[in-house]
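Reader: Could you walk me through this model, one question at a time?
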There are 6 protein chains.
Amino acid sequence: MRVDNRKYDELRPLTITRNFTKYSPGSILIESGNTKVICTASIEESVPPHIKNTGTGWVTAEYSLLPGATPTRTARESSKGKVSGRTHEIQRLIGRSLRAICDLALLKERTIWIDCDVIQADGGTRTAAITGSYVALADSVQWLIDKNVIKENPLLNSVAAVSAGIVNNVALLDLCYAEDATAQVDMNFVMTGNGKYVEIQGTGEEYAFDEEQLAKMLKLANKGICEITEIQKKALET
Amino acid sequence: MRVDNRKYDELRPLTITRNFTKYSPGSILIESGNTKVICTASIEESVPPHIKNTGTGWVTAEYSLLPGATPTRTARESSKGKVSGRTHEIQRLIGRSLRAICDLALLKERTIWIDCDVIQADGGTRTAAITGSYVALADSVQWLIDKNVIKENPLLNSVAAVSAGIVNNVALLDLCYAEDATAQVDMNFVMTGNGKYVEIQGTGEEYAFDEEQLAKMLKLANKGICEITEIQKKALET
Amino acid sequence: MRVDNRKYDELRPLTITRNFTKYSPGSILIESGNTKVICTASIEESVPPHIKNTGTGWVTAEYSLLPGATPTRTARESSKGKVSGRTHEIQRLIGRSLRAICDLALLKERTIWIDCDVIQADGGTRTAAITGSYVALADSVQWLIDKNVIKENPLLNSVAAVSAGIVNNVALLDLCYAEDATAQVDMNFVMTGNGKYVEIQGTGEEYAFDEEQLAKMLKLANKGICEITEIQKKALET
Amino acid sequence: MRVDNRKYDELRPLTITRNFTKYSPGSILIESGNTKVICTASIEESVPPHIKNTGTGWVTAEYSLLPGATPTRTARESSKGKVSGRTHEIQRLIGRSLRAICDLALLKERTIWIDCDVIQADGGTRTAAITGSYVALADSVQWLIDKNVIKENPLLNSVAAVSAGIVNNVALLDLCYAEDATAQVDMNFVMTGNGKYVEIQGTGEEYAFDEEQLAKMLKLANKGICEITEIQKKALET
Amino acid sequence: MRVDNRKYDELRPLTITRNFTKYSPGSILIESGNTKVICTASIEESVPPHIKNTGTGWVTAEYSLLPGATPTRTARESSKGKVSGRTHEIQRLIGRSLRAICDLALLKERTIWIDCDVIQADGGTRTAAITGSYVALADSVQWLIDKNVIKENPLLNSVAAVSAGIVNNVALLDLCYAEDATAQVDMNFVMTGNGKYVEIQGTGEEYAFDEEQLAKMLKLANKGICEITEIQKKALET
Amino acid sequence: MRVDNRKYDELRPLTITRNFTKYSPGSILIESGNTKVICTASIEESVPPHIKNTGTGWVTAEYSLLPGATPTRTARESSKGKVSGRTHEIQRLIGRSLRAICDLALLKERTIWIDCDVIQADGGTRTAAITGSYVALADSVQWLIDKNVIKENPLLNSVAAVSAGIVNNVALLDLCYAEDATAQVDMNFVMTGNGKYVEIQGTGEEYAFDEEQLAKMLKLANKGICEITEIQKKALET
């Protein structure tokens, strides 16, 4: 039995609230158990230097943990004057995941920024951020279409993320913080709505894992992504 | 008539939600019209170098605007690698305001951090942050008392803040963003629950104001603080 | 009796030396008791991005304390790699104060920088900096007129600043460092030559003050600004 | 046929030169085709704060691309004043990979730094860096044993890394830069000498991949790591 | 004839004003023609880490150009967030020059900081800074002796600096800015009061010079240092 | 007898390997005894702002010590977030030395970057870097000529550097680290192939030196540069 009484292949309760704040064309509160992340989209009518004048757009993300999101205060990166390696990794991952399902040419020369701010952290903040970011991105793209700024929807698919891991030699889906802290292996999976892989990141924590364990985690991830994709769909229909 | 149909001396609707997040001993969502700020308290069992070994405690604050809080995205200060002058000014103001009503010796050698993160900004974010921070501070102090960490309550009074200004030559209470952007004078008042001044900051925006206008703004501020103090009290009683 | 034998409503001896250095179109040494500040104007034929192509000019200020200005050496902000919150606050205040009396459109698209470098600090450095900056600004504006760069004088008024405070429950004008260090309230007033307010900043140092104390400080500030304005006028006439 | 005439499952020529520089207890030049990386070990008789006084040691890595390593000069991160997200990701990956095969308690309270400096870059610099770092680590550990600083060898296994990817819908082993630049999927595998996974990182470049493609890449990686492990072994025997 | 009518081997008028500011134990205004530098000494009762607990002291210097010191404003290094290469070079040179004539062991474990702030710049700021710093150092050392903090004078000699250069193929002493800007060779000499070399720095500006030219500049420098040493002596006697 | 058995006027064995790496038009490994530096040239089709649109080119250098180049690890300047004063000094010196022998107008509006990365440090890294940089520059200039990018060779001369010093009152040529660490005087000479001076930098290490000692070091430097120039010539002929 898991610390929060879930089965080995059970997701935490997942809710997605749209229109969470007022001034963004896509603003989501995603809650995965005790992990809560605000994802907001902002549209900027320019693109980064490396694609200027190519006619194509860009989707990028930033991630931050609010200082009070964790039981022990997390020092603010603005005060420390630099973004940590961990934050860099996460925001690059979110950006790549969103671009993987987006035909950037259809977006034209503009950038959609997705900001993921974690207000409560209980493990799985990066996967929740990706899952929520997709919905914020979908809303902001619809806003562009409604305003006749773009004609065609650049989103080719949905995208979602979930973790799986090995804890006490057992494969588990969607680790909470207490599980993550003692996990032997921690893997994050980013997958499209039709079950293909966009990103796989697996790390043995002073541990190495074998083919069979990998296979179990892959299976759990596939199951989890299916369920999350359904929740995204329902959130977007309402 | 004001843009949001308020009378000249009328506050925006003000609500204070306690226990907004789970891992902080004092976590507040304060909503003042469309301005929304999360204020969370964190306790650290050490103090800044300048008061080390004096037996006295410290209360300090940090302030940040989430990128999606404004209609045009606000660049993240962590990405820019430094805290702006405006942020410095605001977080120093919040910290001084809270220390003014706190007997730091009773807190013993520990620091209470108050983090104010604006998730939606429609003017008056610094005054809302102060008003909400007081409630977060009160909750965290009560938590220390409940846990028997400190014996006596170090809070000598309550503290709250409100703005008043001159817009089109008329003195108004509690400016929203549209009013603030065209104001001739913008003043912020920080006052204790018993009507004394802790901070007064008034700025003519390419404009200078006279004694009479100052008197009107002082009167509005006193009225506003009275009402806000009542709302703080009620929030803390429930 | 005050530490330096002044009366409660008496300014420190105030002298303004023009043409203090040779390469600036407005270079002032202002001495207010033992506080000494060099204020120099520099003219740059461009404006900050936010007003580019609007045809209007800009006035801005920077402030710094020389390391040897204080009995204990003040570490250089260039060596620390960042400007402190206090410096940010002060230089923003000086800039706003100068812009308040300046019709920036008449300046055309150019920037006047006022650099305030404190060579000796005995309290009141920011108010001395504002008072001296006005004279440096006036000299640099006259230089532009003499050179036929601009036609009309953009300065609508003079501006000066002074502090007032409550020390041992007594309201005093123009605090020196020893008084400032023990003050219950410290207020800074920036006022125009015709007695209107541009900025009011009052801070209770772990103390809150009432209406009556505020009134006393306002009266002292008005008296002080009158006298300082006269000294500025005389300095500019010679 | 591949750009460099290799078969789909063929590694680039891989050579490992030990004792490449003189002042390090473990200094390696690893050459994988045209990719060349210097890996040097340095020993520091202290540990990072988070494990101080736990009696355990630490292994960490830093990674850098020399400016002239690429056809177009890569700006120096020291001159830019900050380490990029990509560098952060890579050096964290190298560090985790080495710690996964190391019993840090046997190292006692000291840190082994592995510096990976790329002098010529043709794709696969991070995997070459990991493979070479293991040999540098092994040499520095042996140096500690030879000097009687530690008694037992803390290395539990060897570790190596290789990439596999999908290029033009074909699964390939060990991508060079030209292949990497057009790859649909790029995966990096870090594995122990006995064939277990330490890290898996797979990224679809604006592409998503399926189970079958994943299986092919896993198979290639296993083959590649076997061969690399042999080369490491031989290098260490001579 | 030179731009300022000096002979080829003539120094600019040089004056040294002691006790220029009030709060430093050694505060000098040095004026060399139109170049003016404030040199102040500060004493800190600690030493840098690399000599901690060795019983020996330290002398170090920092250098800065006030923004208004030059006809075109020099941007503040604190605002740019980093100290330039030129500033680094100069302050390291000043520090080495002062330490060369100081028996640091006699200073005991304390640091004397010399801050050189250029308020007006017309070439030769670094040499004026060294010449003035010596006097500020001598005054601060005397202050320590007068206060019985140290017993013996750690200064073994005096130190001064001067430039010589080749302009239009002619060797000149003590270049002003207009000469320096067109010089083919610019050399700085730091010498002790008894005519020995502490530092020699010569740079051909897109030019190379021969033995004979070097010999001429050495001769000029020796003459200049003799005269400057006399001025330092007289300043310290009064 | 010297630590490495050299005579007082003997250089360390000096070898220059061209085409050390593959992607740079000028890539040199220079070995001077145990000091080893990689010098690579990169060509950028733009120039720094201060010479934009003047039709002239630029040559600049950057210098870095690899962390493992020294017996005790040297912390990476990218991780510290800033370039040290020592590094600034050295890279400015290398850049000036190369520009002194280059007719920048013939280079047209482009920049040649020379990157000097020290992989093994035993004293004299800056002089080896200059000597090697000249060869890398010569190769990159020839590359430009071969590609018909420029017509005339902008190099007017060769340039090389060597150190001389006073150790135990004896003048020595080309100090290794053990000698440098105990030297009373350390001088660096940068000279052209026809025996003229480009840079002279001499520093007494808490020591002052006289005319006679200076003359001896000048003589040693002239002898050393002659021999080094021959080695550069031969390297470029092969």
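What follows is a chat about confidence, symmetry, overall fold and a few residues.

Author: Ground rules: this is a predicted model, where local features need pLDDT of at least 70, side-chain atom pairs count only at pLDDT 80 or more, and totals for chains, interfaces and linings use all residues. Residues are numbered from 1 along each chain as its sequence is written, chains are lettered from A and ligands numbered from 1 in the order in which they are written, and side-chain values use heavy atoms, with hydrogens and water left out.

Reader: What is the mean pLDDT of chain A?
Author: pLDDT is the predictor's confidence in each residue, from 0 to 100. In chain A, 100% of the residues reach 70 or more. The model also scores ipTM 0.94 and pTM 0.89. The mean pLDDT of chain A is 96.

Reader: Which rotation superposes chain A on chain D, and which C-alpha of chain A is nearest the axis?
Author: Copies are superposed by least squares on the C-alpha atoms of residues with pLDDT of at least 70 in both. For chain A on chain D, a rotation of 180 degrees with 0.0 Å of shift along the axis does the job, at RMSD 0.0 Å. That is how a two-fold axis relates its copies. In chain A, the C-alpha nearest the axis sits 2.2 Å from it and belongs to A:Gln201.

Reader: How compact is chain A for its length?
Author: Chain A has 6 helices and 9 strands, with helices (H or I, at least four residues) and strands (E, at least two) being DSSP runs numbered from the N terminus. The radius of gyration, taken over C-alpha atoms, is compared with a globule rule of 2.2 Å times the number of residues to the power 0.38. For 238 residues the rule gives 18 Å and chain A is close to that at 18 Å, so it is as compact as a globular protein of that length.

Reader: What share of chain A is buried?
Author: Buried means under 20% relative accessible area, exposed over 50%, and partly exposed in between (1.4 Å probe, protein chains only). Of the 238 residues in chain A, the buried ones make up 62%.

Reader: What span does helix 6 of chain C reach?
Author: Helix 6 covers residues 211-237 of chain C, which is 27 residues. Its buried residues include C:Leu214, C:Leu218 and C:Ile225. The expected span is 1.5 Å times one less than the number of residues, and that comes to 39 Å. From first C-alpha to last, helix 6 of chain C is close to that, at 39 Å.

Reader: Is E:Asp9 buried or exposed, and which residues does it touch?
Author: E:Asp9 lies in the segment before strand 1 (14-18) of chain E. At 17% relative accessibility, E:Asp9 counts as buried. With contact meaning heavy atoms within 4.5 Å, and not counting residues up to four places away in sequence, E:Asp9 touches E:Arg2, E:Leu173, E:Leu220 and E:Lys223.

Reader: How far apart are the nearest C-alpha atoms of chain C and chain D?
Author: Chain C and chain D do not touch. Their nearest C-alpha atoms are apart by 11 Å.

Reader: What is the phi of C:Asn53?
Author: C:Asn53 lies in the loop between strand 3 (35-44) and strand 4 (58-65) of chain C. C:Asn53 is exposed, with a relative accessible area of 71%. Although C:Asn53 is not a glycine, its phi is positive, at about 65 degrees.
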